[in-house]
Amino acid sequence: MQYEFCCDLIQEAKLHKILEEVVHVEQIINDQSLAAFGGKGRKMTVQVRNEEIHSGHLILINTGYPVRQKEGSEPLAPLSLHPEIREWHDGIQLEKTCFRQLTALLEASGGMDEIVVVSGYRTEEEQRSIYEQSLVDNGAAYTASYVALPNHSEHQTGLAVDVGKMRRDVDFIAPSFPDSGECRAFKELAADYGFIQRYKEGKRPITGIACEPWHFRYVGCPHARLIDQYDFCLEEYIDFLKAYKHDGPYLTTGYGCAAAEIYFVPADNGAVTNVPIVNGEAYRLSGNNVDGFIVTAFHEKG
Ligand SMILES: [Zn+2]
């Protein structure tokens, strides 16, 4: 069973109701399920294999940090599970939580009819052929601006989705996603559902990719809101979190009746890392694909 800690759920259903559902869930670290804390007042450590730094919703993928997940290890869902979603071509898939949150975001923004999903999960082979075709069609400079090298594309994780305004001729590499209507509503609500616009104006010196209003990346809550709030790109956020260690102070944030504490645990030398979990009611773990793990611990405010 998978469970995602969603800001809206926190507000509406209250934290303890969510925990009722997750408290019996087995601790599954590597698929980012929300795991229940082992009882109030107990200190706890989980042992995580170091190869898990390459998986999770917060992994950083760019020129310097390639995709290291094994192909086929991502839990994927086909968009056709939700027939109302418009797909630019058949067979688009996304990582399961990303898919569920995208569906909720499309519904909340009223964009189900107006927004088309142009691209989702890609294999390394698909990324390679898109890259090579773009070199032929668009040239080297354009391709370097908008298409990630094979093995350096977030699309290979299933956590990235390209969306466009519905029209007859959608540009596959750079779909139009205007700052108006349903597209604007989608953009404004994206962080509430765990999505960030991954490549923003002004961040190219850090990300290596030009502004892409159509490319959204799922990172989960509350991280998407924090990234927006600080006007970070993912590279900056991953770096920023390294200042917050298990012995505190944590990066703290709260919504509705729930609060979250976020901190970084560097990977130990060797095969495993003992990740200390701060006292709380539930937590989630993600690798950063660089050098360690990010813990997000949830508890009731009060
Ligand atoms: Zn994209």
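These legends go with a handful of close-ups of a predicted model.

**View 1. The five-stranded sheet and its edges.** Here we look at an open sheet of 5 strands, running in the order β4-β6-β7-β9-β8 with mixed pairing. β4 (86–87) and β8 sit at the edges, and each of them pairs on one side only. On the β8 side, 3 bridges tie β8 to β9 (residues 215–218), and these two strands run antiparallel. Within this pair, look for I196, which stands opposite R217 in β9. Helix α3 packs on the sheet, where α3 touches β6, β7, β8 and β9. The direction of α3 makes about 125° with that of β9.

**View 2. Helix α6 and what covers it.** Zooming in on α6 (residues 181–189), we find C183, F186 and K187 buried. Seen down the axis of α6, the buried residues fall within an arc of 95°, so they line one face of the helix. That fits the usual geometry: an α-helix has 3.6 residues a turn, so residues three or four places apart point the same way. The cover over the buried residues of α6 includes α3 (96–108), β6 (115–119), β7 (160–165) and β8 (195–197).

**View 3. The nonpolar cores, with A190 picked out.** The largest nonpolar core holds 61 residues, and A190, F195, I196 and V295 are the ones with the most contacts inside it. This core takes at least three residues from each of two domains, namely domain 1 (7–55 + 236–300) and domain 2 (76–218). Which residues does A190 contact, leaving aside its neighbours within four places in sequence? The partners are L105, F195, I196, Q197, F216 and A224. There is also a second, separate core of 5 residues, with I130, V147, A148 and Y199 among them. As a general point, nonpolar side chains tend to be buried together in soluble globular proteins.

**View 4. Helix α9 and its buried face.** In α9 (residues 234–241), the buried residues are L234, Y237, I238 and L241. Looking down the axis of α9, these buried residues fall within an arc of 100°, so they line one face of the helix.

**View 5. E52 in its loop.** E52 belongs to the loop between β2 (44–49) and β3 (76–78). Is E52 buried or exposed? Neither, quite: E52 counts as partly exposed because it has 19 C-beta neighbours inside 10 Å, and buried would take 20 or more. Also in frame is V272, 220 residues from E52 in sequence but 9.2 Å away in space, C-alpha to C-alpha.

Methods:
Residues are numbered from 1 along each chain as its sequence is written. This is a predicted model: local features need pLDDT of at least 70, side-chain atom pairs count only at pLDDT 80 or more; totals for chains, interfaces and linings use all residues. Helices (H or I, at least four residues) and strands (E, at least two) are DSSP runs, numbered from the N terminus. A residue is buried if 20 or more other C-beta atoms lie within 10 Å of its own, exposed if 12 or fewer, and partly exposed in between; C-beta atoms are placed from the backbone. The arc is that of the directions from the helix axis to the C-beta atoms. A nonpolar core is a set of buried Ala, Val, Leu, Ile, Met, Phe, Trp, Tyr and Cys residues joined through C-beta atoms within 7 Å. Domain bounds come from an automatic or database domain assignment. Two residues are in contact if their C-beta atoms, placed from the backbone, lie within 7 Å. Two strands pair if DSSP finds at least two bridges between them. Axes are lines fitted to C-alpha atoms, for helices over the stretch in contact, and angles run from 0 to 180 degrees between N-to-C directions.
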